[in-house]
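Subject: Handing over the structure, with notes

Dear colleague,

Here is the structure I promised to pass on, with the sequence alongside. My notes on what was found in it follow underneath, and I would be glad if you read them with the model open.

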Amino acid sequence: LGTPADPIAASTSSPEPSTTVAPAALIPAGAQLIVRDPLTAAGRWQVSSHAPGTTCDFANALVVTSELASFRCKGPADIMSDVAVWVDVTLVAPGSCATVWFRFTVTDGGYALRTCEEAFYLVTHGAPEPNSVSTLREFWFETPVTGTTRVGIVADGADLRFYRDGELVGGWSDTTFTGGRIGLGVLQMRPEVRPPYRVSFTNIEVYGSAS
């Protein structure tokens with residue numbers, strides 16, 4: 001188990017999400033509720049650590065602190081194909097990017113959506129090599145992320161769509177990965193941003209169908 005994260009004002013208050021119930025019209029056909037969790041205490045996501053200064057812990061949110069460019073918290077093992085994920089994200093440390101992995105396995109890789117201050121970045125992670133990261137598409141925001149924003153991911157067959165505070169930001173079509181887990185953590189790609197990276201997650205909903 002990791003040591004508790006340092007108290008951070010931005011992560012120890014419970015932010016108000018834009019909504020805590022996923023819009024029914026955006027849930028892929030056949031997908032069932034897998035997780036609904038405020039992420040204020042250990043549950044489907046657990047306290048975990050990888051190295052000194054690199055932890056997932058709880059302080060009224062799932063707080064991720066990392067000295068590493070890539071770090072995922074220990075979470076559900078459910079393997080899903082079509083999924084809808086909704087989660088409140090706070091970028092605690094400047095330049096940090098909160099990341100949601102989906103259709104992801106350690107052996108085969110998968111997709112990841114990086115939420116940074118200026119944009120969503122859709123990437124593939126873990127293919128063809130375990131450390132490979134390739135950007136498929138950038139979705140730039142009209143206004144930067146400050147405070148907490150609600151991130152939505154809908155993967156329905158080849159159709160991948162991404163939402164911010166309930167509004168569609170953009171979409172992409174890709175069939176590289178067809179099934180895998182949901183992950184939460186950080187994935188940094190800009191060398192000018194130095195660690196520690198710190199983000200937090202609250203109020204997650206995951207809907208999925210078996211892969």
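A residue is called buried when its relative accessible area is under 20%, and exposed when that area is over 50%. Tyr121, with a relative accessible area of 10%, is therefore buried, whereas Trp140, with 53%, is exposed. Please keep in mind throughout that this is a predicted model.

To begin with the chain as a whole, its secondary structure comes to one helix and 15 strands. Of its 211 residues, 53% count as buried, and among contacts between residues at least 6 apart in sequence, 66% join residues at least 24 apart.

The sheet

Six strands make up an open sheet in the order β5-β14-β7-β8-β9-β10, with antiparallel pairing. Its edge strands are β5 (70–72) and β10, each of which pairs on one side only, and from one strand to the next the twist averages 25°. Within this sheet, strand β8 (residues 109–115) and β9 pair in the antiparallel sense over six bridges, and Tyr111 stands opposite Thr124 in β9. As background, the strands of a sheet pair through backbone hydrogen bonds, either parallel or antiparallel.

The surroundings of strand β4

Which residues of strand β4 point one way, and which the other? Leu62, Val64 and Ser66 point one way from β4, while Val63 and Thr65 point the other way, and all are buried. In a regular strand, side chains alternate between the two faces of the sheet. Because five of the five residues of strand β4 (residues 62–66) are buried, this strand is largely enclosed by the rest of the structure.

As for its partners, β4 runs antiparallel to strand β3 (residues 54–58), to which four bridges join it, and also antiparallel to strand β15 (residues 197–210), with five bridges between them. Thr65 can be followed in both directions, since Thr55 stands opposite Thr65 and the bridge partner of Thr65 in β15 is Arg198. The hairpin of β3 and β4 has three residues between the strands, and in this hairpin Asn60 takes a positive phi near 60°.

Phe141 and its neighbours

Phe141 is placed in the loop between β10 (133–140) and β11 (148–156), and at 13% relative accessibility it counts as buried, the limit being 20%. Leaving aside residues up to four places away in sequence, Phe141 touches Cys116, Glu117, Glu118, Ala119, Phe120, Arg164 and Val169. Of these, Cys116 is 25 residues from Phe141 in sequence, and the two are 9.7 Å apart in space, C-alpha to C-alpha. The charged end of Arg164 sits over the ring of Phe141, 4.6 Å from its centre.

Aromatic pairs and a second arginine

A search of the whole structure finds eight aromatic pairs. One of them is formed by Phe120 and Phe141, which meet edge-to-face at 4.9 Å centre to centre, with 80° between the planes. What does this pair tie together? Phe120 lies in strand β9 (residues 119–125) and Phe141 in the loop between β10 and β11, so the pair ties together parts that are 21 residues apart in sequence. Both Phe120 and Phe141 are buried.

Another edge-to-face pair is that of Tyr121 and Trp140, at 6.1 Å centre to centre and with 75° between the planes. This pair links distant parts of the chain, with Tyr121 in strand β9 and Trp140 in strand β10, 19 residues apart. Here one partner, Tyr121, is buried, and the other, Trp140, is exposed.

Elsewhere, Phe102, Tyr111, Phe139, Phe162 and Phe177 form one aromatic cluster; Tyr111 is the residue already mentioned as standing opposite Thr124 in β9. There is also Arg72, which lies over the face of Trp101, at 5.4 Å from the ring centre.

A buried aspartate

Lastly, is Asp88 buried or exposed? Asp88, which is placed in strand β6 (residues 80–91), counts as buried because its relative accessibility is 1%. The side chains of Asp88 and Arg150 are joined by a polar contact of 2.8 Å.

With best wishes

Note on methods:
Residues are numbered from 1 along each chain as its sequence is written. This is a predicted model: local features need pLDDT of at least 70, side-chain atom pairs count only at pLDDT 80 or more; totals for chains, interfaces and linings use all residues. Side-chain values use heavy atoms; hydrogens and water are left out. Helices (H or I, at least four residues) and strands (E, at least two) are DSSP runs, numbered from the N terminus. Buried means under 20% relative accessible area, exposed over 50%, partly exposed in between (1.4 Å probe, protein chains only). A polar contact is a pair of N or O atoms within 3.5 Å; within protein, one must be able to donate a hydrogen and the other to accept it, and residues adjacent in sequence count only if both atoms are side-chain atoms. Contact means heavy atoms within 4.5 Å. Rings of Phe, Tyr and Trp (its six-membered ring) pair if their centres lie within 6.5 Å; planes under 30 degrees apart count as stacked, over 60 as edge-to-face and the rest as tilted. A charge sits over a ring if NZ of Lys or CZ of Arg is within 6 Å of the ring centre and within 35 degrees of the ring normal. Two strands pair if DSSP finds at least two bridges between them. Axes are lines fitted to C-alpha atoms, for helices over the stretch in contact, and angles run from 0 to 180 degrees between N-to-C directions.
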